[in-house]
Amino acid sequence: MNVNFCDIQVTKYREKLTIIPIELHWSRRTSSNGFCNDTWKRLLKRIESDPNCRVVFVGDLIDDDRPSMRAKKAVIYADSDRQSAREEADNDHRDRLDKYLIPDLKRIKDKIIGMVDGDHFRIYANGMTSTQYIAAVLKIPKAYLGERMGWIKLSFRRKKDSTTMDIFLRHGRGGTGAFGNDVNALIRQNQGFIADLYIGGHTHKQWFIKVPHLYCGRADIKQKLVGYARAGSLLRGFMYGKTTYAEIAEYNPLSIGCPEINIHLIRGDKKNNGNLYIEDMTGLT
Ligand SMILES: [Fe+2]
């Protein structure tokens, strides 16, 4: 588990920063897993064109080995004479990432502030995960927070004032279930981890909510907002005329895409000592 400390310069009286959580499930297969390449290309353009947005990858960046498959491969490659075969398979895998996914991610690399592995990823013979490898090639190693979770500390800085915001990013666990259960599960799983915004993935549901919290100020009662969001995914799930994994597993249909979380910053009035603060959080799904 790591923390990525990020400085963001604020120049205006009011400023909006958009956080975009993505559970990509990238692969070159467009039928068996239903990866929406067109949606991904549109999303890349949207991120590229907005200087006031930042991206977090909540895990399952690639539609690769799940934990059970990694365990089976560990048995297959356990014999020392299979080591070179494993290294060759690793090289082929990295070559594919270098050729297809990494050029896409290079376009938005300066906006990526957090990445975790999740469930679907590779562990190479050298101990590095595929997510870690991608972050290293993009030259953003600090954006890799760990296998499942980590913090991103945003420091918004103006000339004379500043404010901070902590994001806790986790992949998430558990079944999909009803919509309300999904919200409750994310809130429950994050008890004990202090942050202003909690972002999860895994269930492929897509939503944002904010919860007001009251606290005692120096001379009055104040309020701060705590946000919760799930990332959705870029998997189509069900496809006309084809049998997909979602159909075989009898999943529920889920929305494709990702939410957008807007952080509204404003310079405070005299009551707030003129300090920059977070006025509101709004979400689009
Ligand atoms: Fe996933």
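Student: In which loop is the place of Gly-257?

Tutor: This is a predicted model, and the elements named here are those assigned in it. Helix H6 covers 245-248 and strand S11 covers 260-267. The place of Gly-257 is in the loop between H6 and S11.

Student: Is Gly-257 buried, exposed or partly exposed?

Tutor: A residue needs 20 or more other C-beta atoms within 10 Å to be buried, and 12 or fewer to be exposed. Gly-257 has 18 other C-beta atoms within 10 Å, so Gly-257 is partly exposed.

Student: Which residues does Gly-257 touch, not counting residues up to four places away in sequence?

Tutor: Tyr-245 is twelve residues from Gly-257 along the chain, and their C-alpha atoms are separated by 18 Å. With residues up to four places away in sequence not counted, those that Gly-257 touches are Thr-39, Gln-206 and Gly-232.

Student: Glu-250 lies in the loop between H6 and S11; is Glu-250 buried or exposed?

Tutor: Phi of Glu-250 is near 55°, a positive value in a residue other than glycine. For burial, the cut-off for the exposed class is 12 or fewer other C-beta atoms within 10 Å. Glu-250 has 6 such atoms, so Glu-250 is exposed.

Student: What is the value of phi near which Asp-60 is found?

Tutor: Asp-60 is in the loop between strand S3 (53-57) and H2. Asp-60 is a residue other than glycine with a positive phi. The value is near 55°.

Student: Is Asp-60 buried or exposed?

Tutor: The threshold for burial is 20 or more other C-beta atoms within 10 Å. Asp-60 has 28 of them within that distance, so Asp-60 is buried.

Student: How far apart in space are Asp-79 and Asn-52, C-alpha to C-alpha?

Tutor: Asp-79 lies in the loop between helix H2 (67-76) and H3. Asp-79 counts as exposed because it has 9 C-beta neighbours inside 10 Å. In sequence, Asp-79 and Asn-52 are 27 residues apart; in space, C-alpha to C-alpha, they are 50 Å apart.

Student: What is the orientation of H3 and H4 to each other?

Tutor: Two packed helices are described by the angle between their axes and the distance between the axes. H3 (residues 83-106) and H4 (residues 130-137) have axes 11 Å apart and pack at an angle of about 55°. Angles from 35 to 65 degrees fall outside the parallel and perpendicular classes. H3 and H4 are therefore oblique.

Student: Which residues in H4 are met by residues in H3?

Tutor: The crossing of H3 and H4 is right-handed. From H3, the residues in the contact are Arg-94, Leu-97, Ile-102 and Leu-105. In H4 they meet Ser-130, Tyr-133, Ile-134 and Val-137.

Student: How many nonpolar residues are in the contact of H3 with H4?

Tutor: The residues of this contact divide into nonpolar, polar and charged. One is polar and one is charged. The nonpolar residues number six.

Student: With which residues is Leu-225 in contact, leaving aside its neighbours within four places in sequence?

Tutor: Leu-225 has its place in strand S10 (residues 221-231). Leu-225 is partly exposed because 16 other C-beta atoms lie within 10 Å. Phe-193 is 32 residues from Leu-225 in sequence and 16 Å from it in space, C-alpha to C-alpha. Sequence neighbours within four places aside, the contacts of Leu-225 are Lys-210, Pro-212, Asp-280 and Met-281.

Student: Does Gly-150 count as buried or exposed?

Tutor: Gly-150 is placed in strand S6 (residues 149-157). Apart from neighbours within four places in sequence, its contacts are Met-1, Asn-2, Val-3, Gly-114, Val-116, Leu-145 and Leu-169. The burial class begins at 20 other C-beta atoms within 10 Å. Gly-150 has 20 C-beta neighbours inside that distance, so Gly-150 counts as buried.

Student: How many helices and strands does the secondary structure of the chain come to, and what is its radius of gyration?

Tutor: The secondary structure comes to six helices and twelve strands. The globule rule gives 19 Å for 285 residues, and the chain is close to that, so it is as compact as a globular protein of that length. Its radius of gyration is 20 Å.

Student: What percentage of the residues in the chain is buried?

Tutor: The C-alpha atoms fill a box of roughly 70 × 40 × 35 Å along the principal axes. Of the 285 residues in the chain, the buried ones make up 31%.

Conventions. Residues are numbered from 1 along each chain as its sequence is written. This is a predicted model: local features need pLDDT of at least 70, side-chain atom pairs count only at pLDDT 80 or more; totals for chains, interfaces and linings use all residues. Axes are lines fitted to C-alpha atoms, for helices over the stretch in contact, and angles run from 0 to 180 degrees between N-to-C directions. Helices (H or I, at least four residues) and strands (E, at least two) are DSSP runs, numbered from the N terminus. Angles under 35 degrees count as roughly parallel, over 145 as roughly antiparallel, 65 to 115 as roughly perpendicular and the rest as oblique. A crossing is left-handed if the near helix is turned anticlockwise from the far one by less than a right angle, and right-handed if clockwise. Two residues are in contact if their C-beta atoms, placed from the backbone, lie within 7 Å. Ala, Val, Leu, Ile, Met, Phe, Trp, Tyr, Cys and Pro count as nonpolar, Asp, Glu, Lys and Arg as charged, and the others, Gly among them, as polar. The radius of gyration is taken over C-alpha atoms; the globule rule is 2.2 Å times the number of residues to the power 0.38.
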